[in-house]
Amino acid sequence: MVRGRIIRLSVRDVRFPTSLGGHGSDAMHTDPDYSAAYVVIETDAGDGLAGCGITFTLGKGTEVDRSQERRGAPGHSGRPQRRVGPVGQAGGKAPMEVACGHEEQMLTHGYPAYTTSCAWLGYSDDTLKQRCAEALKDGWTRFKVKVGADLQDDMRRCRLIRDMIGPEKTLMMDANQRWDVPEAVEWMSKLAEFKPLWIEEPTSPDDILGHATISKALVPLGIGVATGEQCHNRVIFKQLLQANALQFLQIDSCRLGSVNENLSVILMAKKFGIPVCPHAGGVGLCELVQHLIIFDYIAVSASLKNRMCEYVDHLHEHFKYPVTIKQASYMPPKAAGYSTEMKEESVKKHQYPEGEVWKRLHAAHEN
Ligand SMILES: C[C@H](O)[C@@H](O)[C@@H](O)[C@H](O)C(=O)O
Ligand SMILES: [Mg+2]
């Protein structure tokens with residue numbers, strides 16, 4: 001049933017200066033400012049029905065996304081497009097409400113998560129140690145560390161984190177596409193002593209056969225390949241699955257345009273018996289993807305084996321319905337919708353370049 005017609009569309013460039021603290025840094029992106037093109041679609045429905053969407057970028061990318069959204073590029077009418085996920089906020093049902101089965105388990109224990117917040121590449125060893133100690137105290141048992149820029153540096157950081165978490169807890173590594181195929185295999189054979197569960201994005205995200213080669217080479221070392229945060233449609237995922245190129249599949253709620261595109265990948269992963277371990281973090285990705293992964297558990301995979309969802313502890317305070325983490329698990333969101341809506345005050349303050357946060361930063365830079 002149609003309620004109201006679209007009467008207005010606004011696109012705002014919202015940026016957070018995360019690069020100042022080295023948050024989000026990796027071997028390819030040394031100074032990201034987590035950002036979003038934030039879209040609100042208003043209707044003339046009497047109850048004020050509106051939809052919000054975010055397109056996650058690392059700062060400058062917002063200009064590209066924003067101009068596409070203004071032009072009403074095809075990606076915004078439901079075709080797959082990068083990092084776009086507008087979804088109605090009022091009315092509607094959260095995806096998890098559709099299914100039953102394992103709902104009780106989710107409501108009680110939540111969906112298991114891992115943290116990436118301890119070991120961004122730009123963090124000093126002291127920061128890494130401090131964040132790791134805090135995470136252990138908060139009950140985290142799964143950790144991801146950034147690697148790929150310098151082998152000696154990686155060895156030192158991985159040793160540090162493995163020593164802190166002990167042999168039993170889970171460690172993952174993420175190279176953010178830094179290597180070519182032979183280099184990935186060679187590098188990981190050196191890091192194998194730290195017993196990583198997976199190496200994420202070891203090479204170019206488009207190199208499906210390269211990923212297959214790396215996967216095969218790492219089997220004897222007990223290391224899986226994880227990828228997907230840069231994969232923009234279901235066809236790429238289909239080929240990665242067909243080529244046995246990955247052992248952990250990382251959907252990204254915004255990179256894959258629309259809920260439907262994400263769902264088709266979740267269904268394919270089930271068919272191939274590959275666990276979905278979503279990419280999250282950035283601005284709002286945790287808020288969005290929690291719906292998809294809880295749906296996966298309740299209605300599709302029905303398993304938690306080898307499964308976990310990424311968590312990064314930044315920027316949740318800017319959302320109207322922020323995620324709830326308890327005992328290192330995502331607790332199911334209770335509000336209807338996709339948890340996309342940002343607080344108006346946060347949007348205003350962080351709008352680029354005119355928001356007060358940026359004005360202050362630019363003024364300080366000039367002085
Ligand atoms: C630039 C970003 O922070 C990435 O490093 C980040 O999304 C990352 O690949 C991740 O897996 O969390
Ligand atoms: Mg990654």
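**Entry 1: a backbone turn at Ala328**

I began with Ala328, which I found in the loop between strand E12 (324-326) and strand E13 (329-331), and I kept in mind that I was reading a predicted model. I looked up the backbone angle there and noted that phi of Ala328 is near 60°, a positive value in a residue other than glycine. I wrote that down since most residues other than glycine have a negative phi. Is Ala328 buried or exposed, or something in between? I noted 18 C-beta neighbours inside 10 Å, and because a residue needs 20 or more to be buried and 12 or fewer to be exposed, Ala328 counts as partly exposed.

**Entry 2: Ser339**

I then turned to Ser339, which lies in the loop between E13 and H11, and I found that its phi is near 60° and therefore positive, in a residue other than glycine. Ser339 has 23 other C-beta atoms within 10 Å, so I entered this residue as buried.

**Entry 3: a peptide bond at Pro353**

Which residues does the cis peptide bond join? I found that it joins Tyr352 and Pro353, with omega about 0°. I added a reminder that most peptide bonds are trans. As for the place, Pro353 sits in the loop between helix H11 (344-350) and helix H12 (356-366).

**Entry 4: two domains and their contact**

I looked up the domain assignment of the chain, which gives domain 1 (6-93 + 342-366) and domain 2 (97-331). I noted that the C-alpha centres of domain 1 and domain 2 lie 24 Å apart, and that 31 residues of domain 1 are in contact with 35 residues of domain 2. On the side of domain 1 that touches domain 2, the elements giving two or more residues are strand E2 (35-43) and strand E3 (50-57), and E3 gives the most, with 3 residues. Sorting the residues of that side of domain 1 by class, I entered 11 nonpolar, 14 polar and 6 charged.

**Entry 5: the surroundings of ligand 1**

Which residues come nearest to ligand 1? Of the 13 residues around the ligand, I listed Gly24, Asp26, His29, Pro32 and Gly281 as those that come nearest. By class, I recorded 2 nonpolar, 7 polar and 4 charged residues in the shell around ligand 1. Why does ligand 1 lie between the domains? I concluded that ligand 1 lies between domain 1 and domain 2 because both of them give residues to the shell around it.

Technical notes
Residues numbered from 1 in each chain as written. Chains lettered and ligands numbered in written order. Predicted model: local features only at pLDDT ≥ 70, side-chain atom pairs only at ≥ 80, totals over all residues. Helix = DSSP H or I, 4+ residues; strand = E, 2+ residues; numbered from the N terminus. Near = placed C-beta within 6 Å. Nonpolar A, V, L, I, M, F, W, Y, C, P; charged D, E, K, R; others polar. Domains from an automatic or database assignment. Contact = placed C-beta atoms within 7 Å.
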